[in-house]
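The following paragraphs lead the reader through a predicted model. They take up the sheet, then the nonpolar cores, and then a pocket.

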Amino acid sequence: MTPFAGRHDRSLRSLLEDAAERALADAALAPSAVDSIHVGNMAAEAFTGRSGLGNSLAGSIGAMGASARRIENTSASGASAFLDGVAAVESGRAETALVVGGERMSAADTATATEIISRITHDREYRHGVTLPSFAGLAADRYLREYDATREDLARVAVKNHANAAANPYAQFTDPVEVDDVLSSPPIATPLRLYDCCPTGDGAAAVVIAADGRDGDAVEVAACRSAVGTHAVADRADPLLIESVRRAGERAYEGAGIGPDRVDVACIHDAFTILEWLEMEELGLAPAGEAWRLTREGRTAVGGDLPVNPGGGLKARGHPLGATGVSQLVELVWQLRGEAPAERSVEDPEYGLAVNVAGFGNNSVCTILRGRP
């Protein structure tokens, strides 16, 4: 993957090409051996005025003859491209699939980027000016009212993920923060503040999926599943429940033949700090209303019994929309291979889980990877 940054002075195609070539080099694979290319991207036309990403990438890396296409699923575009690549290999349509996710959000000014992202919401909610941060603020407010978690506990999610990103040279933010820094940052959507929210940014990530079985340091795709949920948040029976995450997780566990108790490390879609808790609970990684206890007790830290977002998560590694889902998988591969820096390396993981969420949960993709036992 490429480093994530608030602004890259490179084109989106250049970022995709860089990530793709790094993945191919890691797999010791020539571009001519790629059968299919799957590009995850949310809004290249809106951000950069660029279309035809799959074809452009195939030509620039020299993968002539491969099939190529782009997959758009808002903020879950990266994992959706991976799901598409897995399907191509499992079906026998491809022996080797290259999955690349990327976004260059800095090409648009802040007002334009905000408008592009706001279009993810349901039309009815968009018309009333409801935004993703406002959904997160409402959810955080209700969670803190219903359970015994404190505002300081929620800030500890950001503190943990920034600490992990400090040892990640690919992260957008590498400076640690403290609870007081989070609580004194500018308000965004009460009770959430700036340091509770992920940044916009530029970057790309890529992985290679091959059908030729496990070999050497290869990591196995145990399962990759998706599910949709209620689009309009106002139509949900309980705003603290994200049914697409729960269903995608249940399907992934069934496909992998394991339960949540076998997950050794997790990459959770923490676009806002509160989402780390809500998604952990939907995935069975914590009892309902109890995820905050794992944060407070340090159990989700790198040295805990369930490390969450060891690469910094969306919160600190960054969230270039189309790249995020693939970058989560890159992080899991590093962890499962034992290649992550010692400061954020999980001890002897076998199973890693990633969940990439579209919008505020209207679609989710859950992937379980398995390393060498």
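Four strands form an open sheet in the order β2-β1-β3-β6, and their pairing is mixed. At its edges lie β2, residues 67–71, and β6, residues 202–210, each of which pairs on one side only. On average, neighbouring strands of this sheet are turned by 15° against each other, direction ignored. Within the sheet, strand β1, which spans residues 36–40, runs parallel to β2 and is joined to β2 by five bridges. Val39 stands opposite Arg70 in β2.

The discussion now turns to the nonpolar cores. The largest of them comprises 61 residues, and Phe272 and Trp277 have the most contacts inside it. Helix α7, residues 132–146, supplies the largest share of this core, namely seven residues. Leaving aside residues up to four places away in sequence, Phe272 touches Leu132, Pro133, Ala136, Leu192, Asp196, Cys197 and Phe360. A second core, separate from the largest, contains 28 residues, among them Val99, Val265, Leu332 and Leu336.

One pocket remains to be described. The second largest pocket of the model has a volume of about 810 Å³. Its lining consists of 37 residues, and those nearest its centre are Ile117, Cys197, Cys198, Pro199 and Thr200. Cys197, listed here, is also one of the residues that Phe272 touches. Two or more lining residues of the second largest pocket come from each of α5, residues 110–118, and α7. Of the elements, α5 gives the most to this lining, with five residues. Helix α7 thus appears both in the lining of this pocket and in the largest nonpolar core.

How values were computed:
Residues are numbered from 1 along each chain as its sequence is written. This is a predicted model: local features need pLDDT of at least 70, side-chain atom pairs count only at pLDDT 80 or more; totals for chains, interfaces and linings use all residues. Side-chain values use heavy atoms; hydrogens and water are left out. Two strands pair if DSSP finds at least two bridges between them. Axes are lines fitted to C-alpha atoms, for helices over the stretch in contact, and angles run from 0 to 180 degrees between N-to-C directions. A nonpolar core is a set of buried Ala, Val, Leu, Ile, Met, Phe, Trp, Tyr and Cys residues joined through side-chain atoms within 4.5 Å. Buried means under 20% relative accessible area, exposed over 50%, partly exposed in between (1.4 Å probe, protein chains only). Contact means heavy atoms within 4.5 Å. On a 1 Å grid over the protein atoms alone, a cavity is a set of points where a 1.4 Å probe fits but cannot get out, and a pocket is an open set with protein on both sides within 12 Å along at least five of seven lines; lining residues have an atom within 4 Å of a point. Grid points are joined across faces, edges and corners, and a volume is the space filled by probe spheres set on the points.
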